[in-house]
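Got the viewer open and a selection box ready? Let's walk through this one stop at a time.

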Amino acid sequence: MLDFHNHILPGIDDGSPDFETSLRLLRGLKDLGFDSVKASPHTIADTHPNTPDTIKASFDSLNQYLTSQAYPHVSGFASEYMLDDIFLANLKAKKPLLCVHDKFVLVELSYAQKPEHVEGYSFQLQLDGYIPILAHPERYGYYHKNAESNYDYLKDLGFDFQLNLLSLTPYYGKDVQKVANDLLEKGYYDYACTDLHHDRHLEALNQFFTADSLRDLMKKYRLQNDKLAG
Ligand SMILES: [Fe+2]
């Protein structure tokens with residue numbers, strides 16, 4: 001079972017601050033049944049201005065540390081790209097994106113305000129052959145009113161949907177929980193990941209899930225994480 005949305009690479013975003021934390025989080029993922037992990041640190045121009053080079057450097061140094069601890073390597077790295085003006089400018093300038101697998105790229109939206117032209121991002125991404133995976137669509141509160149038509153619209157634009165597992169619980173609040181469970185029952189999600197940043201996330205995941213329950217969830221709702229392995 002692959003987890004491809006998490007912040008376990010050390011020192012480059014708001015996730016793990018150091019090697020020891022990264023190893024602890026990786027052990028936690030393994031206990032939850034994620035025997036394969038691809039890391040997806042933020043790329044946000046304002047706050048986490050990562051590049052393929054900064055992400056690869058963190059990935060390489062973590063794997064070196066894991067070797068020293070005789071622990072299996074993180075199998076790959078991508079990024080969680082914030083869809084903003086700078087992202088679009090880079091895309092139009094043909095700067096390559098780090099993909100989860102093949103041309104599948106993980107993207108997120110601002111929590112604070114609804115994007116004015118979400119169509120522009122999906123259009124440009126698909127023009128360049130990318131398949132956008134929208135991270136945690138259930139967490140964008142501005143889509144909760146008229147949820148059905150909003151999420152239909154995003155699907156029609158060509159976004160795959162990635163559920164945050166903790167959204168199924170009260171962790172992010174009751175509204176998020178309701179929307180996540182509705183979308184899950186409707187079969188709108190393509191993937192489910194942890195979005196693991198820190199120990200508190202891990203504790204909450206352990207409170208609500210086990211490796212067995214996660215495997216059952218993936219199967220029941222036909223979640224395709226493992227399509228993006230390798
Ligand atoms: Fe994330």
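**Stop one: a parallel pair and its neighbours**

Keep in mind that you're looking at a predicted model. Start by selecting strand E6 (residues 104–108) together with E7: the two run parallel and are joined by 4 bridges. For a landmark in that pairing, pick Phe104 and look across to Ile131 in E7, which stands opposite.

Now trace the chain between those two strands. From E6 the chain goes through helix H4 (residues 118–127) to reach E7, making a right-handed β-α-β crossover.

Stay on strand E7 (residues 131–135) and colour by burial if you like. Of its 5 residues, 4 are buried, so the strand is largely enclosed by the rest of the structure.

Next, add strand E8 (residues 160–164), which runs parallel to E7 and is linked to it by 3 bridges. Click Leu134 and you'll find its bridge partner in E8, Phe161. The chain makes another crossover here: E7, helix H5 (residues 147–156) and E8 form a right-handed β-α-β unit.

**Stop two: the open sheet**

Clear the selection and bring up E1, E2 and E4. These 3 strands form an open sheet in the order E1-E2-E4, with parallel pairing. At the edges sit strand E1 (2–3) and strand E4 (76–77), each pairing on one side only.

Zoom in on strand E2 (residues 36–39) where it meets E4: the two run parallel, with 2 bridges between them. One place to click is Lys38, whose bridge partner in E4 is Gly76.

**Stop three: helix H1**

Now select helix H1 (residues 19–31) and put a distance label between its end C-alpha atoms. At 1.5 Å a residue, its 13 residues should span 18 Å, and the ends are 18 Å apart, so the two agree.

Which residues of H1 are buried? Show side chains for Ser22, Leu25, Leu26 and Leu29, and you have them. Turn the view to look down the axis of H1: the buried residues fall within an arc of 105°, so they line one face of the helix. The reason such spacing works is that an α-helix has 3.6 residues a turn, so residues three or four places apart point the same way.

What do the buried residues of H1 pack against? Select E1, E2, helix H2 (52–68) and helix H7 (199–208) to see their packing partners. Then flip to the face of H1 turned away from the buried side, where Glu20 and Arg27 are exposed.

For a last click, go to Gly33, which follows H1 and has a positive phi, near 100°.

Conventions:
Residues numbered from 1 in each chain as written. Predicted model: local features only at pLDDT ≥ 70, side-chain atom pairs only at ≥ 80, totals over all residues. Pairing = 2+ DSSP bridges. Buried ≥ 20, exposed ≤ 12 C-beta atoms within 10 Å, placed from the backbone. Right-handed = clockwise from strand over helix to strand, strands pointing away. Expected span 1.5 Å × (residues − 1). Arc of directions from axis to C-beta. Contact = placed C-beta atoms within 7 Å.
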